[in-house]
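Q: I am new to this structure. Can you walk me through how to read its features?
A: Yes. Have the sequence and the model in view, and we will go step by step.

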Amino acid sequence: MASDPKVHVFEEVEKHNKTKDCWLIISGKVYDVTPFMEDHPGGDEVLLSATGKDATNDFEDVGHSDSAREMMEKYYIGEIDASTVPQKRTYIPPQQAAYNPDKTPEFLIKILQFLVPLLILGLAFAVRHFTKKD
């Protein structure tokens, strides 16, 4: 590792996102992993998917070995200026209308299940009343 590491801005690191030119940000450090692309056990797609962002979580989730962490040192090219890294966006759910059980299809079915038999009963009484002979 260099004694006075170069500080990179996020916009610069973000541009290095190809197989022949790939930089990663892991734990506040910048790594040029281009020479390692073909040798990476997970394939180059894994490394390419981690470009353009802070890849610390991606790296830690895999559970790399101590030897993998030591190997990273030869790809180290500097530090990242943390103030230039975009903040992670937190998920904000879309606003939804308040749930009104009286406007659901199930409510309509329940009303019809009550009204249809009453309508049939009323119709039967009307037919009986008007067809009845004195």
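Q: What counts as a helix or a strand here?
A: Helices (at least four residues) and strands (at least two) are DSSP runs, numbered from the N terminus. Take Val127 as a case: Val127 sits in helix H5. Keep in mind that this is a predicted model.

Q: Is Val127 buried, exposed or partly exposed?
A: Buried means under 20% relative accessible area, exposed over 50%, and partly exposed in between. Val127 has a relative accessible area of 47%, so Val127 is partly exposed.

Q: How far is Val127 from Arg69 in sequence and in space?
A: In sequence, Val127 and Arg69 are 58 residues apart. In space, their C-alpha atoms are 89 Å apart.

Q: Now the sheet. How do strands pair in general?
A: Strands of a sheet pair through backbone hydrogen bonds, either parallel or antiparallel.

Q: In what order do the strands come in this sheet?
A: Five strands form an open sheet, and the order is E1-E5-E4-E3-E2. The pairing is mixed. At the edges are strand E1 (7-8) and strand E2 (17-18), each of which pairs on one side only.

Q: How do E2 and E3 pair?
A: E2 and E3 run in the antiparallel sense, with two bridges. Asn17 stands opposite Cys22 in E3, and Lys18 stands opposite Asp21 in E3. A hairpin of two residues joins E2 to E3.

Q: What about E3 and strand E4?
A: E3 and strand E4 (residues 29-32) also have an antiparallel pairing, over four bridges. Here Trp23 stands opposite Asp32 in E4. E3 and E4 form a hairpin too, with two residues between them.

Q: What is notable about the phi of Ser27?
A: Ser27 has a positive phi, about 55 degrees, although Ser27 is not a glycine. Ser27 is in the turn of the hairpin formed by E3 and E4. With a relative accessible area of 47%, Ser27 is partly exposed.

Q: Why is E3 described as largely enclosed?
A: Five of the six residues of E3 are buried, so the rest of the structure largely encloses E3.

Q: Where do nonpolar side chains tend to go?
A: In soluble globular proteins, nonpolar side chains tend to be buried together.

Q: Which members of the largest nonpolar core touch the most other members?
A: They are Leu24, Ile26, Tyr31, Val33 and Leu47, out of 14 residues in this core. Strand E3 (residues 21-26) gives the most to this core: three residues. A second, separate core has seven residues, including Trp23, Ile25, Ile80 and Val85.

Q: Which residues does Leu24 touch, beyond those up to four places away in sequence?
A: Leu24 touches Lys29, Val30, Tyr31, Val33, Leu47, Ala50 and Thr51.

Q: Can a loop residue be read in the same way? Where is Met37?
A: Met37 is in the loop between E4 and H2. Its relative accessibility is 3%, so Met37 counts as buried. Leaving out residues up to four places away in sequence, Met37 touches Thr19, Cys22, Gly43, Asp44, Leu47 and Leu48. Met37 and Leu47 are ten residues apart in sequence, and their C-alpha atoms are 7.3 Å apart.

Q: Let us try a polar residue. Where does Thr84 lie?
A: Thr84 lies in the loop between strand E5 (76-80) and helix H5 (105-131). Thr84 is buried, because its relative accessible area is 19% and the cut-off is under 20%.

Q: What does the side chain of Thr84 reach?
A: The side chain of Thr84 reaches the backbone oxygen of Asp81, at 2.6 Å. Apart from neighbours within four places in sequence, Thr84 is in contact with Val9, Phe10 and Glu11.

Q: Last, the pockets. What is the volume of the largest pocket?
A: The volume of the largest pocket is about 400 Å³. Of the 19 residues that line this pocket, Phe36, His40, Leu47, Phe59 and His64 are the closest to its centre.

Q: Which elements each supply at least two residues of the lining?
A: They are E3, helix H2 (44-49), helix H3 (56-62) and helix H4 (66-72).

Definitions and conventions. Residues are numbered from 1 along each chain as its sequence is written. This is a predicted model: local features need pLDDT of at least 70, side-chain atom pairs count only at pLDDT 80 or more; totals for chains, interfaces and linings use all residues. Side-chain values use heavy atoms; hydrogens and water are left out. A nonpolar core is a set of buried Ala, Val, Leu, Ile, Met, Phe, Trp, Tyr and Cys residues joined through side-chain atoms within 4.5 Å. Buried means under 20% relative accessible area, exposed over 50%, partly exposed in between (1.4 Å probe, protein chains only). Contact means heavy atoms within 4.5 Å. A polar contact is a pair of N or O atoms within 3.5 Å; within protein, one must be able to donate a hydrogen and the other to accept it, and residues adjacent in sequence count only if both atoms are side-chain atoms. Two strands pair if DSSP finds at least two bridges between them. On a 1 Å grid over the protein atoms alone, a cavity is a set of points where a 1.4 Å probe fits but cannot get out, and a pocket is an open set with protein on both sides within 12 Å along at least five of seven lines; lining residues have an atom within 4 Å of a point. Grid points are joined across faces, edges and corners, and a volume is the space filled by probe spheres set on the points.
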